[in-house]
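Thanks for passing this one along. Here are my notes, in the order I'd go through them with the viewer open.

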Amino acid sequence: MTETVLILGGTREAATLARRLVDAHPDWRVVTSLAGRTAEPAPIAGEIRTGGFGGIAGLADFLRRERITRMIDATHPYARQISANAAEAAALAGVKLDVHTRPPWDRQPGDDWREVASEADAAAAIPPGARVFLALGSQHLAPFEARRDVHFIVRMIDPPASPLPLASHTIVTGKPGPAAEEERVLRDHAITCIVCRNSGGDGAYGKIEAARTIGIPVIMIARPA
């Protein structure tokens, strides 16, 4: 049966899923929705739409208007709002919803993880005078503004459009790489601590392996319930 599939994307897994569906079902219409935070996203198979939907009602209207038969939530595990909106919009529009959430990383021998519940807790847990590799994205930096005793090395895919709310920081542009590359970044910037979320997957795991090799702690923000 021909289907029109909407993938809520922005992750490597979503792009892989789009390619698999396009290859396996050339008669299907496959649309991947991106939030638009990255200026030049990697190529994605099928159609792409960029930007928000306007909340639950807007997403439900889009599902009806485009005659979506199946929606797949393959967003980031910490994208709580869009996942909640997707569940309600799918119910309103009577559309099937599949949720593809990558499993979290598991602590391995040699890992020094300090697990916390939120960005605010992570900011409080940073040791005084640390040089912190902050791998969270620009929209999650506000809780760290008060830590004026800390120097942050902030990795971003694109240069920021406005100044960051951090008193002392260095911006590193680029995507996460394999462990050897991540180790070089940590050593070059004399990192003493990492703050990140337990995103899971392979794409961002290199920094966890590098921290284990070097022997530096990771302040790990736990998954939302």
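The points below cover the two sheets, the helices on them, a salt bridge and a pocket.

1. One thing to keep in mind throughout: this is a predicted model. Everything I quote is computed from it.

2. Start with the sheet built from 5 strands. It is open, its strand order is 3-2-1-4-5, and the pairing is parallel. Strand 3 (47-50) and strand 5 (96-99) sit at the edges, each pairing on one side only. Direction ignored, neighbouring strands here are turned by 20° against each other on average.

3. Zoom in on strand 1 and strand 4 of that sheet. They run parallel and are joined by 4 bridges. If you want a residue pair to click on, Leu6 stands opposite Met71 in strand 4. Two helices belong in this picture too. Helix 1 (residues 12-24) packs on the sheet and touches strand 1, strand 2 (29-34) and strand 4; its direction makes about 165° with that of strand 1. Helix 2 (residues 55-65) also packs on the sheet, with strand 1, strand 3 and strand 4 as its contacts. For helix 2, the angle to the direction of strand 1 is about 155°.

4. How many salt bridges are there, by the rule used here? The count comes to 14. One to look at is Glu3 with Arg70, where the closest N and O atoms are 3.6 Å apart. This pair links distant parts of the chain: Glu3 is in the segment before strand 1 (4-8), Arg70 is in strand 4 (residues 70-73), and 67 residues separate them.

5. Now the other sheet. This one has 6 strands, again open and with parallel pairing, in the order 6-11-10-7-8-9. Its edge strands are strand 6 (113-116) and strand 9 (169-173), and each of these pairs on one side only. The average turn between neighbouring strands is 20°, direction ignored.

6. Phe133 is a handy anchor for this second sheet. Strand 7 (residues 131-135) pairs in the parallel sense with strand 8 (residues 151-156) over 4 bridges, and Ile153 is the bridge partner of Phe133 in strand 8. Strand 7 also pairs with strand 10, in the parallel sense and over 4 bridges; there the bridge partner of Phe133 is Ile194.

7. Helix 6 (residues 206-214) packs on the 6-strand sheet. It touches strand 6, strand 7, strand 8, strand 10 (193-197) and strand 11 (218-221). The direction of helix 6 makes about 150° with that of strand 10.

8. Last, the second largest pocket, with a volume of about 150 Å³. Which classes of residue line this pocket? By class, the lining has 5 nonpolar, 4 polar and 3 charged residues. Among the lining residues are Asp73, Thr75, His76, Arg80, Val99 and Thr101, along with Arg223, Pro224 and Ala225.

Technical notes
Residues numbered from 1 in each chain as written. Predicted model: local features only at pLDDT ≥ 70, side-chain atom pairs only at ≥ 80, totals over all residues. Heavy atoms only, no water. 1 Å grid on protein atoms, 1.4 Å probe; cavity = no way out; pocket = protein on both sides within 12 Å on 5 of 7 lines; lining within 4 Å. Points joined across faces, edges and corners; volume = space filled by probe spheres on them. Nonpolar A, V, L, I, M, F, W, Y, C, P; charged D, E, K, R; others polar. Pairing = 2+ DSSP bridges. Axes fitted to C-alpha atoms, helices over the stretch in contact; angles between N-to-C directions. Contact = heavy atoms within 4.5 Å. Salt bridge = Lys/Arg side-chain N within 4 Å of Asp/Glu carboxyl O.
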